[in-house]
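Hi,

Here is the structure I said I would pass on to you. Please have a look at it first, and then read on for what I found in it.

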Amino acid sequence: MAQQEDVFKKIVAHAKEYGFVFPSSEIYDGLSAVYDYGQNGVELKNNIKRYWWEAMTLLHENIVGIDSAIFMHPTIWKASGHVDAFNDPLIDNRDSKKRYRADVLIEDHIAKIDEKIDKEVAKARKRFGDSFDEAMFRQTNARVVELLAHREAVHTRFSEAMNANDLDGLRQIIIDEEIVDPISGTKNWTEVRQFNLMFKTEMGSTADGSMTVYLRPETAQGIFVNYLNVQKTGRMRIPFGIAQIGKAFRNEIVARQFIFRMREFEQMEMQFFVRPGSEMEWFKYWKEWRLRWHKALGLGDEKYRYHDHEKLAHYANAATDIEFQMPFGFKEVEGIHSRTDFDLSQHEKFSGKKIQYFDPELNQSYTPYVIETSIGVDRMFLSVLCSSYEEQALEGGDSRVVLHLPAALAPVKCAVMPLVRKDGLPEKAREIVDELKFDFTTHYEEKDSIGKRYRRQDAIGTPFCITVDHQTLEDNTVTLRHRDSMEQQRISIADLHSLIHSQVSLNALLRKI
Ligand code: ATP
């Protein structure tokens, strides 16, 4: 495990060094759990998004996309349950880095006092036998009287703090009662925070009455509230889906593990609207299809597993996660949920608008059921990065760091390199770049030795390097070097395009699903 943590640290450092992911606002010492994508990261990320978008919308004729705004009417979040769902007072232990509900810590503490009282009572009952008067014992036994008074005092303070929403008061109870973290055993607590995952902001100036709006914590609601628009204008017939890629924001209290848990992240979500009663069939379909999408990337079939939920949200009737083996264990990358008609019904209720589908085949109207597939772009990015990273020992004691990125996702598809910076080789190399650049992200590289240039491209996962040498000027052939095998082949310039295309095109990847 320690070794895996080491590797993870190296991957994070590599991501920064090679322009994939930077900590946000770094020159101001960063902003926790917020990251920026660099020149290579943005390309990889865009390719992941394109792979998802095209797989969903091109390969399924009954799925269309939308791009809804981040700001939405605040009642949407009331209807979806987000406003009321996460309002627990939370506290962190700085040593164990664990997060707790402050109210639960205090309730557990009170329960422990109760246990102590019960033990005293039980002991006395044993001692006195049939003549034991419990009520009298509770009123007169010094130890029990003391414990009861203590319990009562804590309980009163606790109720008052909860009713008054007094977070400092809650914390003070934890401090005064010397409540320790069950894991670290320490009392090194942070302050207590009221925890709603949603970020709030104000819309409109105060003069004309501002309104509190939220940064969306998921993109899904933008799809639900556009269900009628899309169904009507697109004349969509059930079953059909609506896909969306966009930013989501969650005020994660404990945010760790690099881009795995961020406060600003991106989601790729698809809501698939089906006839009530057919949802299990579609749930099965999407569960299988989404895993095929993952596996087509070739990151290693053994790195995936399903995690079926036993405990379901009140509105769901089936849910599973697709987990990926990260260096810190199997972790959720995607969720597939059967959400029944919960969301559309809630929006119908809160908006007062009829949100139904008239099914011409059944000659009846109903609220569609929904299967959701929801994947985080950043977690997907992390899984691709982690499984592609390799420190490879080479013959002769040499080594290299290589990213075995799926070629269709690689930020740069090919790098063209003149062997030397003279004799017309740079000009020839430029000619090749000018031809390839229309179809592939192509780098021109002339600095440093060829070996160093290869290493730099390996480190960002470029599948092909093309070297132009003196022979090129004579016969229009170049050396094509393959990233993973490091094999070099002599190939005619005229054949470059088709060979590279066959390996790096998204089309080829989509056909593998
Ligand atoms: P977790 O339990 O890890 O917090 P979740 O179950 O709350 O995740 P969902 O609400 O199902 O996540 O969101 C769907 C997807 O969005 C997740 O599978 C994940 O890929 C991504 N995601 C959710 N929260 C974050 C986050 N804070 N940072 C990055 N990606 C996230």
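Let me start with the ligand, bearing in mind throughout that this is a predicted model. The ligand has 14 residues around it, and the ones that come nearest are Arg250, Arg261, Met262, Glu332 and Val333. By type, the shell around the ligand divides into 6 charged, 4 polar and 4 nonpolar residues.

Oxygen atoms of the ligand take part in several polar contacts that you may want to display. A polar backbone atom of valine 333 is 2.8 Å from an oxygen atom of the ligand. Glycine 376 also uses its backbone, with an N or O atom 3.0 Å from a ligand oxygen. Arginine 379, on the other hand, brings in its side chain, a polar atom of which lies 3.0 Å from an oxygen atom of the ligand. How much of the ligand does the protein bury? Taken alone the ligand exposes 590 Å², and 81% of that is buried by the protein.

As for where the shell comes from, β10 (264-274), β13 (329-340) and β16 (369-376) are the elements that give two or more residues to it. The largest share belongs to β13, with 4 residues.

Those three strands bring me to the sheets. β10, β16 and β13 are found in an open sheet of 7 strands with mixed pairing, and the full order is β3-β9-β10-β16-β13-β12-β11. At its edges are β3 (63-65) and β11 (304-308), each of which pairs on one side only. From one strand to the next, the twist averages 25°. If you want to look at the β11 edge in detail, β11 pairs with β12 (residues 318-326) in the antiparallel sense over 5 bridges. Within that pairing, tyrosine 306 has isoleucine 322 of β12 as its bridge partner.

There is also an open sheet of 5 strands, again with mixed pairing, in the order β20-β19-β21-β22-β23. Here the edge strands are β20 (442-444) and β23 (488-492), each pairing on one side only. The twist in this sheet averages 25° from one strand to the next. Inside it, β21 (residues 464-468) and β22 (residues 477-482) are antiparallel and share 4 bridges. One of the residues involved is cysteine 465, whose bridge partner in β22 is arginine 481.

Two helices go with this sheet. Helix α15 (residues 450-460) packs on it and touches β19, β20, β21, β22 and β23, with a direction that makes about 170° with that of β19. Helix α14 (residues 425-436) lies across β19 (414-418), β20, β21 and β22, and runs at about 160° to β19.

You may also like the hairpin of β17 and β18. Strand β17 (residues 389-393) and strand β18 (residues 399-403) run antiparallel and are joined by 5 bridges. Alanine 393 has serine 399 in β18 as its bridge partner. Between the strands there are 5 residues, and in this hairpin glycine 396 takes a positive phi near 80°.

Finally, two spots in the backbone deserve a look. Most residues other than glycine have a negative phi, and most peptide bonds are trans. Which way round is the bond from isoleucine 238 to proline 239, cis or trans? That peptide bond is cis, with omega near 5°. Proline 239 is in the loop between α10 (227-233) and β9 (240-249). The other spot is lysine 97, a residue other than glycine with a positive phi, near 60°. Lysine 97 is found in the loop between β4 (88-92) and β5 (99-101).

Happy browsing, and do write back with any questions.

Best wishes

Methods. Residues are numbered from 1 along each chain as its sequence is written. This is a predicted model: local features need pLDDT of at least 70, side-chain atom pairs count only at pLDDT 80 or more; totals for chains, interfaces and linings use all residues. Side-chain values use heavy atoms; hydrogens and water are left out. A residue is near a molecule or strand if one of its heavy atoms lies within 4 Å of it. A polar contact is a pair of N or O atoms within 3.5 Å; within protein, one must be able to donate a hydrogen and the other to accept it, and residues adjacent in sequence count only if both atoms are side-chain atoms. Accessible areas come from the Shrake-Rupley method with a 1.4 Å probe; for residues, only the protein chains shown count as cover. Ala, Val, Leu, Ile, Met, Phe, Trp, Tyr, Cys and Pro count as nonpolar, Asp, Glu, Lys and Arg as charged, and the others, Gly among them, as polar. Two strands pair if DSSP finds at least two bridges between them. Axes are lines fitted to C-alpha atoms, for helices over the stretch in contact, and angles run from 0 to 180 degrees between N-to-C directions. Contact means heavy atoms within 4.5 Å.
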